[in-house]
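User: Could you take a close look at the aromatic pairs here, and set them in the context of the rest of the chain? I would like one connected walk-through with the cut-offs spelled out.

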Amino acid sequence: MKKFLKEFKEFALKGNVLDMAVGVIIATAFTGIVKSLTANFIDPILKFVTAREPITVVMMQTNSAAFLTEVINFLITAFVLFCLVKAISKIMSIGKKPEAPAEPTTKVCPFCKTEISIEATRCPNCTSELETAEVK
Ligand SMILES: [Zn+2]
């Protein structure tokens, strides 16, 4: 159970959950646009094309204002999400330190060019004495 919680914490902090939540919200908002497009334009046009209703009735059914509202809603949602994600990723990056480059543990012997321990004062391969100050 403890391991499970730890894994969950890692999963949640990795940003996968955030990505998923953003995806769901965007998809929901986009569905609104598609539904509005269908209800306000495609349905009336289909009614006209199939000659079930005269053009005047169809014109009254198209509601571009409602569709525009839906599009604006989507844009606002997307913009707010963008700001939110930016803020969250900034907060999350505060806790993390930038990865320091790995400390070298070996150096190359200037005489025989083999890799030896960085702390060696004498080369184990060619037995040459090494300057300890020299770090390569
Ligand atoms: Zn050597």
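Analyst: Read from start to end, the chain follows the pattern α-α-α-α-β-β, which comes to four helices and two strands. Helices (H or I, at least four residues) and strands (E, at least two) are DSSP runs, numbered from the N terminus. This is a predicted model, in which local features need pLDDT of at least 70 and side-chain atom pairs count only at pLDDT 80 or more, while totals for chains, interfaces and linings use all residues. Residues are numbered from 1 along each chain as its sequence is written, and side-chain values use heavy atoms, with hydrogens and water left out.

Now to the part you asked about. The structure holds two aromatic pairs. The first to look at is Phe30 with Phe74, an edge-to-face pair with 5.8 Å centre to centre and 65 degrees between the planes. Phe30 sits in helix α2 (residues 16-49) and Phe74 in helix α4 (residues 64-95), so this pair links distant parts of the chain, 44 residues apart. For the terms: rings of Phe, Tyr and Trp (its six-membered ring) pair if their centres lie within 6.5 Å, and planes under 30 degrees apart count as stacked, over 60 as edge-to-face and the rest as tilted. Phe30 counts as partly exposed because its relative accessibility is 45%, whereas Phe74, at 17%, counts as buried. Here buried means under 20% relative accessible area, exposed over 50%, and partly exposed in between (1.4 Å probe, protein chains only).

Phe41 and Phe67 make an edge-to-face pair too, with 5.4 Å centre to centre and 90 degrees between the planes. Because Phe41 lies in helix α2 and Phe67 in helix α4, this pair ties together parts that are 26 residues apart in sequence. Phe41 is partly exposed, with a relative accessible area of 24%, while Phe67 is buried at 18%.

What about the rest of the chain? Of its 136 residues, 13% count as buried. The largest nonpolar core has five residues: Cys109, Ile116, Ala120, Cys123 and Leu130. Such a core is a set of buried Ala, Val, Leu, Ile, Met, Phe, Trp, Tyr and Cys residues joined through side-chain atoms within 4.5 Å. Cys109 counts as buried because its relative accessibility is 0%. Leaving aside neighbours within four places in sequence, Cys109 is in contact (heavy atoms within 4.5 Å) with Thr114, Ile116, Cys123, Cys126 and Leu130. Of these, Cys126 is partly exposed, at 26% relative accessibility. A search of the whole structure finds zero disulfides, a disulfide being a pair of cysteine sulfur atoms within 2.5 Å.

The charged side chains add two salt bridges, each being a side-chain nitrogen of Lys or Arg within 4 Å of a carboxyl oxygen of Asp or Glu. One joins Glu7 and Lys3, at 3.3 Å from N to O. Glu7 and Lys3 are four residues apart in helix α1 (residues 2-13), so about one helical turn separates them. Glu7 is partly exposed at 42% relative accessible area, and Lys3 is exposed at 61%. Glu129 forms a salt bridge with Arg122, the closest N and O atoms being 3.2 Å apart. Glu129 counts as exposed, at 59% relative accessibility, and Arg122 as partly exposed, at 46%.
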